[in-house]
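Please open the model in a viewer and keep the selection tool at hand. The tour below proceeds stop by stop, naming what to select and what is found there.

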Amino acid sequence: MLYAALLVMVSITLTIVGVSALGQSQGELPALALAIPALWLLPQGGVSAWLLLIGLGTFGFVLPEQPIALSVSVFMMLPVFAVSFSAKSSWQLAALLISIVLAMDVGLMALQAEGKLEGSPAYTIIQILAIGVIWVAARSWRSVDGNTWWPLFLVVPLWVGGLAHAALVALCVTGLIASLQGMAKSKLSEWVPRMMWILPAVGFATLVLVPWFDVPNPILVAWLLVLGGALLGEYLLEDPEEEL
């Protein structure tokens, strides 16, 4: 119990530190920074590790062109996907959640198209698809018994090259995956799906609460509504008497 609680606290701390470093970098992360966590899992991670590499790589490719707040907020799609495609879900519930998300995302992309919000609608779509790939990788994940540690040494050239924030992001993401794997192997493995809710919320809350980060109001409102929709979906999913 104490070990699992410690892993939860470590995961939350790594999320806060990683998002803070990402914000400080202004999204300027080299591909290597996001490749290191996936390389750490290869080849033992199999197809899931490759999907994670593709998802992180695609997400990071457009990251410099998007507002940091929007990029971080997109991770709230993870619980939306989890509820919508749950074995206990119905097509009505999935349609309800997807409608809420589409309404919010289309509104943000309209603001981007009008130049009222930084970034590009096309990049927003790409990031949403990348999160979908990451979710598929997480859903099909099997814990790796032995990890390849050599990719962690790749943070050294990042640090030496003046990309300390990128190196810190790479280490935080790798540590987060290791922490979740440890949690999955413990007696409280049921905590892992809950972290899909907790960590995206903690990451975005970090940007909101830290004064030197800017979170535009449209992004904050959209994130809150998506969060509310996901919570509503979770409530309906857990209510055996609810008929959709």
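**First stop: the largest pocket.** Select Leu-78, Ala-138, Leu-180, Met-196 and Leu-199; of the 48 residues that line the largest pocket, these lie nearest its centre. The model is a predicted one, and the space in this pocket comes to about 1400 Å³.

Next, colour the helices that contribute to the lining. At least two lining residues come from each of α1 (2–25), α3 (46–62), α4 (68–73), α5 (77–84), α7 (121–139), α9 (164–185), α10 (191–209) and α11 (217–238). Which helix supplies the largest share of this lining? Helix α10 does, with nine residues. Colouring the lining by class shows 34 nonpolar residues, together with seven polar and seven charged ones.

**Second stop: the second largest pocket.** Select Gln-26, Pro-67, Ile-68, Glu-118 and Asp-214, the residues nearest the centre of the second largest pocket among the 16 that line it. Its volume is about 330 Å³. The lining consists of 10 nonpolar, three polar and three charged residues.

**Third stop: the annotated spans.** An unreviewed UniProt entry records the feature "transmembrane region" at residues 45–63, 68–87, 93–111, 123–141, 153–179, 191–213 and 219–237. Two of these spans may be selected in turn. Residues 93–111 are 100% helix and 0% strand, with their end C-alpha atoms 28 Å apart. Residues 123–141 are 89% helix and 0% strand, and here the end C-alpha atoms lie 27 Å apart.

**Fourth stop: Leu-209.** Select Leu-209, which belongs to helix α10. Is this residue buried or exposed? Leu-209 counts as exposed, because its relative accessibility is 69%, and the cut-off for exposed is over 50%. For a view along the chain, add Pro-193: the two residues are 16 apart in sequence, and 25 Å separates their C-alpha atoms.

**Fifth stop: the nonpolar cores.** Select Met-77, Ile-131 and Leu-207, the residues that touch the most other members of the largest nonpolar core, which has 65 residues. Helix α11 gives the most to this core, namely eight residues. Now centre the view on Met-77 and display its contacts. Leaving aside residues up to four places away in sequence, Met-77 touches Val-101, Asp-105, Ile-128 and Ile-131. Another core, of eight residues, lies apart from the largest one; among its members are Ile-12, Met-183, Leu-199 and Val-202. Leu-199 has already appeared on this tour, as one of the residues nearest the centre of the largest pocket.

Notes
Residues numbered from 1 in each chain as written. Predicted model: local features only at pLDDT ≥ 70, side-chain atom pairs only at ≥ 80, totals over all residues. Heavy atoms only, no water. 1 Å grid on protein atoms, 1.4 Å probe; cavity = no way out; pocket = protein on both sides within 12 Å on 5 of 7 lines; lining within 4 Å. Points joined across faces, edges and corners; volume = space filled by probe spheres on them. Helix = DSSP H or I, 4+ residues; strand = E, 2+ residues; numbered from the N terminus. Nonpolar A, V, L, I, M, F, W, Y, C, P; charged D, E, K, R; others polar. UniProt positions renumbered as here; feature names shortened; annotations may be inferred. Buried < 20%, exposed > 50% of the residue type's maximum accessible area, 1.4 Å probe, protein only. Core = buried A, V, L, I, M, F, W, Y, C linked by side-chain atoms within 4.5 Å. Contact = heavy atoms within 4.5 Å.
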